[in-house]
Structures are given as structure tokens and as C-alpha cells.
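Please open the structure in your viewer and keep the sequence panel visible beside it. The tour below proceeds by selection, naming at each stop what to pick and what is found there.

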Amino acid sequence: MKNIKIKAIKKSFFKDLSDKYEKEIGYCIVEEGAEWISKSALIPEGFCQSAWSNLQPYVFALSSGGGSFFDNWMKNPHSVVISCNDGIRPVSFLLETIE
């Protein structure tokens with residue numbers, strides 16, 4: 001299996017949604033630019049479990065040699081941009097196969 005680099009490339013926060021729907025529960029600890037390496041398609045140490053639930057199928061596919069997701073919309077077919085499932089403070093991650 002190939003290793004996969006996971007990089008946080010964009011962090012957003014929708015204050016209007018937070019004000020309307022959320023209790024004060026804290027904040028996302030992921031910072032833009034942070035990087036992790038998934039080995040054997042396993043969750044990297046310290047990685048957000050909630051985000052992992054969205055990224056894991058793509059990490060597994062890339063680590064198994066797959067790619068070209070969504071009709072080849074990525075310039076690099078061995079990469080994909082996927083966001084976590086937090087609708088109020090989503091983080092977008094770039095997943096890339098590394099040798």
C-alpha cells in the first residue's frame with residue numbers, strides 16, 4: 001500500500017450558522033497547512049476522527065493505487081480534495097499519494 005499525505009488546505013467558519021444553531025461547544029483544532037501521513041490507509045496519530053470518517057474511503061482508494069475521482073477533475077489523478085463533515089466549520093484536505 002502507498003502512503004498518503006493529508007494536508008489541511010482551507011479552514012472555514014460560518015458564524016451566521018453557528019449563531020443560529022450551535023451551543024458554545026468549542027472550535028476545530030485543525031490548522032491550515034497542517035500535514036499528516038497515512039500509512040497502510042490507517043488514521044494518522046492525532047488526526048480528527050470526525051474528519052477521518054469522510055477522508056478514509058479516499059485514503060484507502062489512493063493507497064491501493066486508485067485515483068481519477070469524479071471523472072478526472074483533479075489535475076493530479078493521484079490526489080483528491082475532500083472536506084470534513086462539519087457544516088459550520090469545515091476543513092478542506094488535499095490527499096496525495098506519495099512514494
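Begin by selecting His78, which is partly exposed, with a relative accessible area of 40%. The model is a predicted one. His78 sits in the loop between H3 and S3. Display its surroundings: leaving out residues up to four places away in sequence, His78 touches Leu62, Gly66, Leu95, Glu96 and Thr97. Add a distance label from His78 to Gly66, which lies 12 residues away along the chain; their C-alpha atoms are separated by 7.1 Å.

**The whole chain**

Zoom out and colour by secondary structure. The chain has 3 helices and 4 strands, and along the sequence they follow the pattern β-α-β-α-α-β-β. Along the principal axes, the C-alpha atoms fill a box of roughly 45 × 30 × 20 Å. Of the 99 residues in the chain, 32% are buried. Among contacts with a separation of 6 or more, 61% are between residues 24 or more positions apart. If a surface is displayed, the accessible area of the chain comes to about 6,300 Å², and carbon and sulfur atoms account for 53% of that surface.

**The sheet**

Select the strands next. In what order do the 4 strands of the open sheet lie? The order is S2-S1-S4-S3, with antiparallel pairing. At the edges are strand S2 (35-38) and strand S3 (79-83), each of which pairs on one side only. From one strand to the next, the twist averages 25°.

Now restrict the selection to residues 3-11 and 91-98. These are strands S1 and S4, which run antiparallel and are joined by 8 bridges. For one particular bridge, pick Lys5, whose partner in S4 is Glu96. Glu96 has already appeared on this tour, as one of the residues that His78 touches.

Add residues 49-63 to the view. This is helix H2, which packs on the sheet and touches S1, S2, S3 and S4. The direction of H2 makes about 170° with that of S3.

**Ser63, in helix H2**

Select Ser63, which belongs to helix H2. Is Ser63 buried or exposed? With a relative accessibility of 3%, Ser63 counts as buried. Setting aside neighbours within four places in sequence, Ser63 is in contact with Met1, Lys2, Ile4 and Ala41.

**Two residues with positive phi**

Move to Ser40, in the loop between S2 and H2. Ser40 is not a glycine, yet it has a positive phi of about 60°. Its relative accessible area is 45%, and Ser40 is therefore partly exposed.

Then select Asp71, which lies in helix H3 (residues 69-72). Asp71 likewise has a positive phi of about 60° although it is not a glycine. At 80% relative accessibility, Asp71 counts as exposed.

**Aromatic rings**

Show the aromatic side chains. The structure holds 8 aromatic pairs. To examine one of them, select Phe69 and Phe70: their ring centres are 6.4 Å apart and their planes stand at 45°, so this pair is tilted. Phe69 has a relative accessible area of 13% and is buried, whereas Phe70, at 44% relative accessibility, counts as partly exposed.

Next select Trp36, Phe47, Trp52 and Phe93 together. Ring pairs link these four residues into a cluster.

**Cysteines**

Finish with the cysteine sulfurs. How many disulfides does the structure hold? The number is 0. Select Cys28 to see why: the closest cysteine sulfur to its own is in Cys48, at 6.2 Å, which is too far for a bond. The cut-off for a disulfide is a pair of cysteine sulfur atoms within 2.5 Å. Then select Cys84, whose closest cysteine sulfur is that of Cys28, also 6.2 Å away and too far for a bond.

Both residues can be checked for burial. Cys28 counts as buried at 16% relative accessibility, and Cys84 is buried with a relative accessible area of 14%.

Notes: Residues are numbered from 1 along each chain as its sequence is written. This is a predicted model: local features need pLDDT of at least 70, side-chain atom pairs count only at pLDDT 80 or more; totals for chains, interfaces and linings use all residues. Side-chain values use heavy atoms; hydrogens and water are left out. Rings of Phe, Tyr and Trp (its six-membered ring) pair if their centres lie within 6.5 Å; planes under 30 degrees apart count as stacked, over 60 as edge-to-face and the rest as tilted. Buried means under 20% relative accessible area, exposed over 50%, partly exposed in between (1.4 Å probe, protein chains only). Two strands pair if DSSP finds at least two bridges between them. Axes are lines fitted to C-alpha atoms, for helices over the stretch in contact, and angles run from 0 to 180 degrees between N-to-C directions. Contact means heavy atoms within 4.5 Å. Accessible areas come from the Shrake-Rupley method with a 1.4 Å probe; for residues, only the protein chains shown count as cover.
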